[in-house]
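Visitor: I am new to protein structures. Could you show me one and take my questions?

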Amino acid sequence: MIFKINHNRWLLLLVLLVCAILIHFLKFHPPLIEQYYSQNFYPKLFYISSSVLGQINVSVGDFLILLVLLSAPLFIYRVIVMLKNHRFLFIIINLFTFLCSLYILFHITWGLNYHRVSLNKKLGYDLKYTDEELAATTKSIITEINALHSTLTLNDSLPITVDYSQKEINELLENSKSFHFENNFPKSFHHRLYIKSSFWSLVLSYMGFAGYLNPITLESQVNKRMPALSYITTAAHEMTHQMGIAPENEANFLSFKATTQHNNPYVQYAGYLMGLRYTIGEYYINKPKLARELYNQINPGIKKNISEIARFWRKYQNPFEKYFEKTYNQYLKAQGQRDGIETYSQMVAYLVDYYDSLSEQ
């Protein structure tokens, strides 16, 4: 019986290793992933998840994380017992079996989207820009957000206050058609996208995270402690992840597009505010003097909204945040995003090409 059990364990590990290797080599063929996985298999999988988990108000993914954390002490205890009994081979086989299973599950449920055909190839964007082009894009966004701010408040010194509850914000986004991208954008994703406030919002705040997509349950998790304007754009960002848009720069860009084309002016304002923060931030890195000149063109009330968001994150700064960022940075790099966390800010290149394309119409 012992031989049979060991034989079955070795056989299972061998099968899992073969599957993991096949998935690894599949990553080098984006057109195949795009056609068969991202455009066909994944939407069907998400439909099943949305039909079941989308009807549950609480986050199933957050609950699973809690179960894992509660099970950790028992797992550690069992490993210690096996080490005392010198069952080293048993531990190794089970460890590799677990890692292979997790690797396969992650890529089948969502992870292969990281390796689909990139959005810039679909749109014909080269993602290269000059300082002049970035300045023109930033000025366009400033003009748009200043005008929108003036319609939402009679005083340009007042910040915008979003009076909607998070449930109302969720409904505004979930019922919007602005995520049905046309032309060369991703094919319309007709399955219902949905948002859930994370049970771990306080923990996410201290980790420096605004939200995340659970790659197993495909639930969009948003940090409910954030200011409403950040909550809106983060929710939109995670919803684009649900559509199978994995790279962070692409998700940021499409969330900008979805929110600024929404029919609600407060959602539009949140989108323009996000785009402005990224373009101005890009200038502050390389050309701080020019950044200050552009910043002075922004309505005072908009600056107060920017400061409100900055104050929120400063409130939760702690010595451990940098370690969480480093871990997440390595995760992104492992998924083919070479620049790690900096990928988020690379949505600026998409914005420049997008505004260039609008000017040509």
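Guide: Start with a term: a nonpolar core is a set of buried Ala, Val, Leu, Ile, Met, Phe, Trp, Tyr and Cys residues joined through side-chain atoms within 4.5 Å. Keep in mind that this is a predicted model.

Visitor: Which residues have the most contacts inside the largest nonpolar core?

Guide: The largest nonpolar core has 83 residues. Contacts inside this core single out two of them: Phe253 and Leu276.

Visitor: Which helix gives the most to this core?

Guide: Look for the helix that supplies nine residues to the core. The one that gives the most is helix 11.

Visitor: At what angle do helix 11 and helix 12 pack?

Guide: Two packed helices are described by the angle between their axes and the distance between the axes. Helix 11 covers residues 265-286, and helix 12 covers residues 288-295. Their axes are 6 Å apart, and the angle is about 145°.

Visitor: How many nonpolar residues are in the contact of helix 11 with helix 12?

Guide: Helix 11 brings Ile280, Tyr283, Tyr284 and Asn286. Helix 12 brings Pro288, Leu290, Ala291, Arg292, Leu294 and Tyr295. By class, one residue is polar, one is charged, and the nonpolar ones number eight.

Visitor: Which residues of helix 4 make the contact with helix 3?

Guide: The axes of helix 3 (residues 60-84) and helix 4 (residues 88-109) come within 8 Å and cross at roughly 145°. Val79, Met82 and Leu83 stand on the helix 3 side. The contact has six nonpolar, no polar and no charged residues. From helix 4 come Phe88, Phe90 and Ile91.

Visitor: Why do the buried residues of helix 7 line one face of the helix?

Guide: Helix 7 (residues 166-174) has Ile169, Asn170, Leu173 and Glu174 buried. An α-helix has 3.6 residues a turn, so residues three or four places apart point the same way. Seen down the axis of helix 7, the buried residues line one face because they fall within an arc of 125°.

Visitor: What covers the buried residues of helix 7?

Guide: The cover includes a strand, strand 1. It also includes helix 9 (228-242) and helix 11.

Visitor: Which strands are the edge strands of the open sheet of three strands?

Guide: The order in this open sheet is 1-3-2, with mixed pairing. An edge strand pairs on one side only. That gives strand 1 (195-197) and strand 2 (211-213).

Visitor: Which residue stands opposite Leu213?

Guide: Strand 2 and strand 3 (residues 220-222) run antiparallel, joined by three bridges. The partner of Leu213 lies in strand 3: Ser220.

Conventions. Residues numbered from 1 in each chain as written. Predicted model: local features only at pLDDT ≥ 70, side-chain atom pairs only at ≥ 80, totals over all residues. Heavy atoms only, no water. Axes fitted to C-alpha atoms, helices over the stretch in contact; angles between N-to-C directions. Helix = DSSP H or I, 4+ residues; strand = E, 2+ residues; numbered from the N terminus. Contact = heavy atoms within 4.5 Å. Nonpolar A, V, L, I, M, F, W, Y, C, P; charged D, E, K, R; others polar. Pairing = 2+ DSSP bridges. Buried < 20%, exposed > 50% of the residue type's maximum accessible area, 1.4 Å probe, protein only. Arc of directions from axis to C-beta.
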